[in-house]
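Here are some short exercises for getting to know a new structure. Try each task yourself before reading its solution.

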Amino acid sequence: MQADFHYYATYCAAFLAGYSHEESLTICYSAQLVDWCSRTYLSRLKAPLSAATTQLQLELMDADTDPVGLHDITRIWASFHFLPRDLYAKRERCSKRYRNKYRLICGPNGDLAVRTVELAKGRSLQAVGVAMHVIADTWAHQYFAGTPSLVINNTNHHFFEILPDGERKIQFRHSASAPDDIGQCIYTCSLFQSSEDSIMNLGHGRAGHLPDYSFMRYKYLPAWADYEEIVKDNPSDYYHAFCQLVYAMQYLRGERSAFEAGQYAWETVAPYEETVRQILERRQLDASADWAEFAESLSGEKVPDFDKNRYEQEYLQAAKEKKDDTFLGKFILAALAQKSMVTNQCFSSGNMLAGFSVDFAKKGFRGIRDFKRLVKQSEKERNNG
Amino acid sequence: MGKIGRIRNVLIGILMILLSLVMLVLEPEIGFLIAAVILSVALLVTGIRLLFYYFTMARHMVGGKIQLYVGLIVLDFGIFTMTLTHVPHIYLILYMLGTHAFGGVINILRALEARRNAASSWKLKFSQGVVNLLVAVLCLFSLESTRLLVILYCMGLLYSAIVRIISAFRKTAIVYIQ
């Protein structure tokens, strides 16, 4: 997904869930910041690098693909962009290594999705934004895994766009600078690399930005599905995502007693269904303008464009002990908590692709220093009752 | 990284350091022969690894048979190289040129990106890139000098060994707080 959904659509979902204009802005800003908060960004702020929620293209090219490097990559991409659907998925007659990768395939309505929303309960609005990014991506990025893997994420020439007047073969190219040509069905994707752990085989790189376009309907052969064709209906998936965001935020606001997988706020969104579906179906690379217009029609307020520098000075100028109370400080805490939770769940399932996790309650603090912030936050929350 | 992984990394790092020192001490021609043997062993290992990869992973993948064919070809090439007493210098030179030049360009691009984002790490990255490019240029001028080629190869081995040992001591576990 792109800024059109993570920023503007998330604002709309938050407002429909009952948040005020200002609260909705905080949530959608945090949801979009997940796509910007790289190590490079954090190092400029002198913030904990472990809070990185994404990796820039060149950071990825420079990333080590030794076990430690792969753990780092998997922690970032599986935690924030490709949340695994089922860490205990069955797959017979295969090696453990294969099964572990298979289990990281992203999808909506999994246990981790429920845990992600529950993790944000009673926490900052920034935590709500982070959770909404993760939930939305479970719909867009399903069938791909947030770890480099040829055997899971590869695609081949069998790729067709489904249009109202029939099917059209999709052509892929590898020019990162050239924009996708939706008229000619020419899209950019990552290069084929035969190495299992090549960064080119991370996530949906081999399928280009197709999963990120709300209008796109296509069919293809995923590497892991035993030659079974998958039809991906993005307009339908994105509508589900939108209604699930509203449902999740109603839970986070206390309007619902529990967040359950497979439940949606159909009734809340129903009055706007036609407008939302129209935006999702429109054949365009960026639907930001449409979503912004819809947002304004809902709240009567203009949603400012996303500016990644907006809260930097507040963070930089804050005293050391006050940094966690700033906008970015709260975002960083939310990101660390999400990464910590997903890594722990992977580790507990016997899957080492995200690396080691040490349970603080059982073994004390043994691990990366950046996560001490979570201990402090936890103590603070306990003291406040 | 687990304890075994750390110990393995340290041991491999020490072995690499010892090997590079031995190669530096020996006659250039013998050193070069060792480098050539290392290259052919690397091909053999790669071939076996690819076959192993096919049988444990890629056989479940759409179009995975290509891994089987590539594995067989590389393994065959490794066995063939093993039978040669002298590998033409140009193979080793091209390998070193390619590795260092590519690494250098990536480092410099990363440094420029970091600089655009005003990150402080850009200077270190930039200098790494320049050093890598310099090594590539040196390789280009060492086509006739076996001695220099061996020294450059050993430098590469030493660098990899040190990075491997350092990475073995990094803290890598994420802390989970309920």
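**Exercise 1.** Compare the expected span of H5(A) with the distance between its end C-alpha atoms.

*Solution.* Start with the rule: the expected span of a helix is 1.5 Å times one less than its number of residues. H5(A) has 14 residues, so it should span 20 Å. Its end C-alpha atoms are 20 Å apart, which agrees. Helices (H or I, at least four residues) and strands (E, at least two) are DSSP runs, numbered from the N terminus.

Before going on, note that this is a predicted model, in which local features need pLDDT of at least 70 and side-chain atom pairs count only at pLDDT 80 or more, while totals for chains, interfaces and linings use all residues. Residues are numbered from 1 along each chain as its sequence is written, and chains are lettered from A and ligands numbered from 1 in the order in which they are written.

**Exercise 2.** How many residues of H5(A) are buried?

*Solution.* First, the cut-offs: a residue is buried if 20 or more other C-beta atoms, placed from the backbone, lie within 10 Å of its own, exposed if 12 or fewer, and partly exposed in between. In H5(A), 11 of the 14 residues are buried, making the helix mostly covered. Among them are Leu70(A), Trp77(A) and Phe80(A).

**Exercise 3.** Is Asn344(A) buried or exposed?

*Solution.* Find Asn344(A) in helix H15, residues 327–348 of chain A. Then count: 22 other C-beta atoms lie within 10 Å, so Asn344(A) is buried.

**Exercise 4.** In what order do the strands of the open sheet in chain A lie?

*Solution.* The four strands follow the order S2-S1-S5-S6, with antiparallel pairing; two strands pair if DSSP finds at least two bridges between them. At the edges, S2 (166–169) and S6 (230–233) of chain A each pair on one side only. Now look at S5(A), residues 217–220, which four bridges join to S6(A). Here Tyr220(A) stands opposite Ile230(A).

**Exercise 5.** Which parts of chain A make up domain 1 and domain 2?

*Solution.* Domain bounds come from an automatic or database domain assignment. Domain 1 takes 3–147 + 234–384, and domain 2 takes 151–232. Their contact involves 30 residues from domain 1 and 22 residues from domain 2, where contact means C-beta atoms, placed from the backbone, within 7 Å. Finally, return to the helices: H5 and H10 of chain A are among those that each supply at least two residues to the side of domain 1 touching domain 2.

Conventions. Contact = placed C-beta atoms within 7 Å.
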